[in-house]
Amino acid sequence: MGRVSDYIAGKLVTGKLHFALIDPDGADISTIDRVAAAIQRAGCDAIMVGGSTSAVGQANDLTIQAVKKGSTLPVIIFPGNWSAVSPHADAIFFMSILNSRNPYFITKAQALGAYSVKMFNLEPLPMGYLVVEPGETVGWIAEADPIPRRKPKIAAAYALAAQFMGMDLVYLEAGSGASEPVPDSMISMVRAVVDIPILVGGGIRTPEQASRVVRAGADIVVTGTLIERAENIEEALSPIVRAVKGES
Ligand code: 1GP
């Protein structure tokens, strides 16, 4: 596989992207290859593997290997900590939780993981990560000051800072399982100020929500919980992917 950053940039020239998130926490390892195959059939553009709690060590490695077995999509690690670094993925979101109160989540975990990323020849995708209310598990674990939903300017200021610090991507995260996605007004204000691609995730479960976040300015839409809960993953995901790509 070529560089994942080139793959993403190339696809963004012609449209918006959908990334599926698989969290090794709670995933049944024996079905992951089929889950990954269904995600690919649904038209998703990449698979992220990660989570805040148990996406580490062997559980993480086995999950990534199973995803690779089931699909040819790029696999990007979405690390909850330095211990999520695995040699089996194609790339890793090398992310800093910019609105954490704890420097560990802003630079120290990154320093602890950096040598492994280099040793495994993983492609780092530098990303600013912003936790927006409610923030859910990641907000609590990462000791974030979640950005208030009614304060889009704060998100825009952080996103601009991410761009000025040289990050290639910015992620607006409401938290996995959030009752509502990041507000449209916040996405559009971030869109108005940054040039880098914007990922939006957390609480996106319907095609209407997916198309709203894209219309507001998201470039890449992430869904996770929907996949965990779906009886038929392809049927559940396809309408979301079509909405992201403006086909419905
Ligand atoms: C979580 O943004 C992702 O980090 C996905 O959120 O599980 O709510 O889809 P959901």
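Here is a short tour of the structure, stop by stop, starting at the ligand.

Before you click anything, remember that this is a predicted model, where local features need pLDDT of at least 70, side-chain atom pairs count only at pLDDT 80 or more, and totals for chains, interfaces and linings use all residues. Residues are numbered from 1 along each chain as its sequence is written, and side-chain values use heavy atoms, with hydrogens and water left out.

**Stop 1: the ligand**

Select the ligand and show what surrounds it: Leu-21, Phe-78, Tyr-171, Glu-173, Ser-176, Gly-177, Gly-201, Gly-202, Gly-203, Thr-223, Gly-224 and Thr-225. A residue makes this list if one of its heavy atoms lies within 4 Å of the ligand. Colour that shell by residue class and you get three nonpolar, eight polar and one charged. The classes work like this: Ala, Val, Leu, Ile, Met, Phe, Trp, Tyr, Cys and Pro are nonpolar, Asp, Glu, Lys and Arg are charged, and the others, Gly among them, are polar.

Now zoom in on the ligand's oxygen atoms. A polar side-chain atom of Thr-225 is 2.5 Å from one ligand oxygen. Ser-176 also puts a polar side-chain atom 2.6 Å from a ligand oxygen. With Gly-203, pick the backbone instead: a polar atom there is 2.8 Å from an oxygen of the ligand. How much of the ligand does the protein bury? On its own the ligand exposes 310 Å², and the protein buries 97% of that (areas come from the Shrake-Rupley method with a 1.4 Å probe).

**Stop 2: Asp-219 and its neighbour**

Next, select Asp-219, in the loop between helix H8 (207–216) and strand S8 (220–223). Helices (H or I, at least four residues) and strands (E, at least two) are DSSP runs, numbered from the N terminus. Asp-219 counts as buried because its relative accessibility is 10%; the cut-offs are under 20% for buried, over 50% for exposed and in between for partly exposed, using a 1.4 Å probe and protein chains only. Add Ile-198 to the selection: its backbone nitrogen lies 2.8 Å from a polar side-chain atom of Asp-219. This is a polar contact, meaning a pair of N or O atoms within 3.5 Å; within protein, one must be able to donate a hydrogen and the other to accept it, and residues adjacent in sequence count only if both atoms are side-chain atoms.

**Stop 3: three helix residues**

Step into helix H8 and pick Ser-211. Ser-211 has 17% relative accessibility, so it counts as buried. Draw a C-alpha to C-alpha line from Ser-211 to Gly-177 and you will read 18 Å, for residues 34 apart in sequence.

Then jump to Ala-36 in helix H2 (residues 32–41), which is buried at 0% relative accessibility. The C-alpha of Lys-69, 33 residues away along the chain, is 8.3 Å from that of Ala-36.

Finish this stop at Ala-109 in helix H4, which is also buried, at 10%. Ala-109 and Gly-80 are 29 residues apart along the chain, and their C-alpha atoms are separated by 9.3 Å.

**Stop 4: backbone oddities**

Most residues other than glycine have a negative phi, and most peptide bonds are trans. Here are some exceptions to look up.

Select Glu-133 and Pro-134: they are joined by a cis peptide bond, with omega about 5 degrees. Pro-134 is in the loop between strand S5 (123–131) and helix H5 (136–141). Is Pro-134 buried or partly exposed? Partly exposed, because its relative accessible area is 40%. Measure across to Pro-181, 47 residues along the chain, and the C-alpha separation is 9.5 Å.

Asn-121 is next, in the loop between helix H4 (103–119) and S5. Although not a glycine, Asn-121 has a positive phi of about 60 degrees. Asn-121 counts as exposed, at 69% relative accessibility.

Last pick: Glu-143, in the loop between H5 and helix H6 (152–164). Glu-143 has a positive phi too, near 50 degrees, and is partly exposed at 31% relative accessibility.
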